[in-house]
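Please read the points below alongside the coordinates, keeping in mind that this is a predicted model. They take up the enclosed spaces, the open pockets, the sheet and one helix pair in turn.

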Amino acid sequence: MTQRSGRDRRVVVTGMGVISPLGSTVDELWERALNGESGITALTAIEPGDYPCKVAGQVHDFEPNEWMDRKDARRMARFSQFAIAAGKQAIADAGLDLEAIDRHRAGALLGTGNGSLPHADQAMRTILSRGGNRLDPLYMAKMLPNMAAGNLTIQLGLLGYTNTVTTACAAATQAIGDATEVIRRGHADVMLAGGTEAGISELGLAGFCAMRALTTSYNDRPGESSRPFDRDRDGFAPSEGAGVLVIEELEHARARGAEPLAELIGYGVTADATFLVAPPEDGAGAARAIRLAIEDAGITPGDVDYISAHATATEVGDIAETRAIRSVFGEAADRIPVTAFKSQIGHLLGAAGGVEAIAAVQTLRTSTIAPTINLENPDPECDLDYVPLQPRSADIRTLAKNSFGFGGQNAVLILRRFED
């Protein structure tokens, strides 16, 4: 096959896999999402003690041995196990025969926020109680953020471009965008891209509680705790999981008879350069990322039919994103449905954009928008159409997926319904 580069290399999604609190297959995730269900439950993975947040989006009944050899599973952390499970689902969904492709032109690009916080937590306990010489010899190999992508390439025998993005809550979206660029410039034909996170631990809970970033008012009603754009929101519900997509150069996909699920047509990244853990009130950095993604896609703001919001349910963040959308789309913002998938799955941190991108693709495929649940008392400063409480049928052709992270990291994807 003649290798092309640049914008003549179209990039499509051909497979998807997910591990999440709302379901561990794409079909289950989407069915429950359209039913308006929540994946947030009482925190049981650890004992929350006197920490003020006692809810989380947990993946229950995950069996790593269903996805890999028992010995391999013992040698990796949960966030790596999630990535392999989601990645293998995506490969199967894509109908991708790895023996029939050039594996030197297939790679992995994953986002994660923390690597394995639970292993860091346990390692410190071991050092304090038993001494550093009793530390797990594989501690570093389990904990490092790049090990999810590394383990995925080992499990699948991928020999091409591989990288890890650790831009906090923007990581998975940026990983998908970066993987798209790798294919565009001709350095790969197939990439597994998305994000993974399994940071539920006392260390993670203590850190976010100290920041006052987590929800604390709905411990007795976990399913109501994640409330983006609602007047009564009080922070995010921590969550875990993975979302991985097979993205592929269109001609490569066609040559093997694959059916594209959607097309990736635009990508924008910016920095706020203002504050460590909160965006500027006007959402200027986010707005610039949205504009860059639209420009990269070769479309206009008027072509965007739907926005999958970052929407963490923090007071400042939701208002800033609303202002960013108004800045870009002007009066047209009133006609564009905007939803917060975190209302249903909580905040998967570095994996959020991967699972939310899968939901976005499902929106294109099914012409149905999953609702923003728990939006019962809209914040007057959050004044867009957030599709509250009930799903909605809509002819969505082009959408934007927003993700924003600590450090002022902004990443936006533009996806389009695939058309020849």
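1. Strand E3 (55-57) and helix H8 (202-211) each contribute at least two residues to the lining of the largest cavity, and H8 has the largest share of that lining, with three residues. The space in this cavity comes to about 120 Å³, and of the 15 residues lining it, Gly199, Ile200, Gly204, Leu205 and Pro238 are the closest to its centre. Sorted by class, the lining holds 11 nonpolar and four polar residues, and no charged residue.

2. How many cavities of 30 Å³ or more does the model contain? The count is two, and the second largest encloses about 60 Å³ of space. Its lining consists of Trp30, Tyr306, Ser308, Thr339, Phe341, Glu356, Ala359, Ala360, Thr363 and Ala370, with strand E9 (306-308) and helix H13 (352-366) as the elements that give two or more residues. The largest share, four residues, belongs to H13. By class, the lining of the second largest cavity has six nonpolar residues, three polar and one charged.

3. Turning to the open spaces, the largest pocket has a volume of about 530 Å³ and is lined by 35 residues, among which Val277, Ala278, Pro279, Thr314 and Gly317 lie nearest its centre. H8 appears here as well, since the elements that give two or more residues to the lining of this pocket are H8, helix H11 (315-329) and strand E13. H11 supplies the largest share, seven residues. The lining of the largest pocket divides into 18 nonpolar, 11 polar and six charged residues.

4. The second largest pocket, with a volume of about 210 Å³, is lined by 19 residues, and those closest to its centre are Ser20, Gly23, Ser24, Val59 and His60. Its lining comprises six nonpolar, eight polar and five charged residues.

5. Which strands form the edges of the sheet? The sheet is open and has 10 strands in the order E5-E4-E6-E7-E1-E8-E14-E13-E9-E10, with mixed pairing; strand E5 (162-165) and strand E10 (338-339) are its edge strands, each pairing on one side only. Within the sheet, strand E8 (residues 262-271) pairs with strand E14 (residues 409-416) in the antiparallel sense, over eight bridges, and tyrosine 267 stands opposite leucine 413 in E14.

6. Helix H7 (residues 171-184) should be viewed together with the sheet, as this helix lies across strand E1 (11-19), strand E4 (106-111), E5, strand E6 (190-197), strand E7 (241-249), E8, strand E13 (398-405) and E14. Relative to E8, H7 runs at about 115°.

7. How do helix H4 and H8 pack, and at what angle? Helix H4 (residues 117-130) and H8 pack at an angle of about 105°, with 7 Å between their axes, which makes H4 roughly perpendicular to H8. In this contact Leu117, Ala120, Asp121 and Arg125 of H4 meet Glu202, Leu203 and Gly204 of H8, a set that divides into three nonpolar residues, one polar and three charged. Gly204 can be noted in two places, in this contact with H4 and among the residues closest to the centre of the largest cavity.

How values were computed. Residues numbered from 1 in each chain as written. Predicted model: local features only at pLDDT ≥ 70, side-chain atom pairs only at ≥ 80, totals over all residues. Heavy atoms only, no water. Pairing = 2+ DSSP bridges. Contact = heavy atoms within 4.5 Å. Axes fitted to C-alpha atoms, helices over the stretch in contact; angles between N-to-C directions. 1 Å grid on protein atoms, 1.4 Å probe; cavity = no way out; pocket = protein on both sides within 12 Å on 5 of 7 lines; lining within 4 Å. Points joined across faces, edges and corners; volume = space filled by probe spheres on them. Nonpolar A, V, L, I, M, F, W, Y, C, P; charged D, E, K, R; others polar. Parallel < 35°, antiparallel > 145°, perpendicular 65-115°, else oblique.
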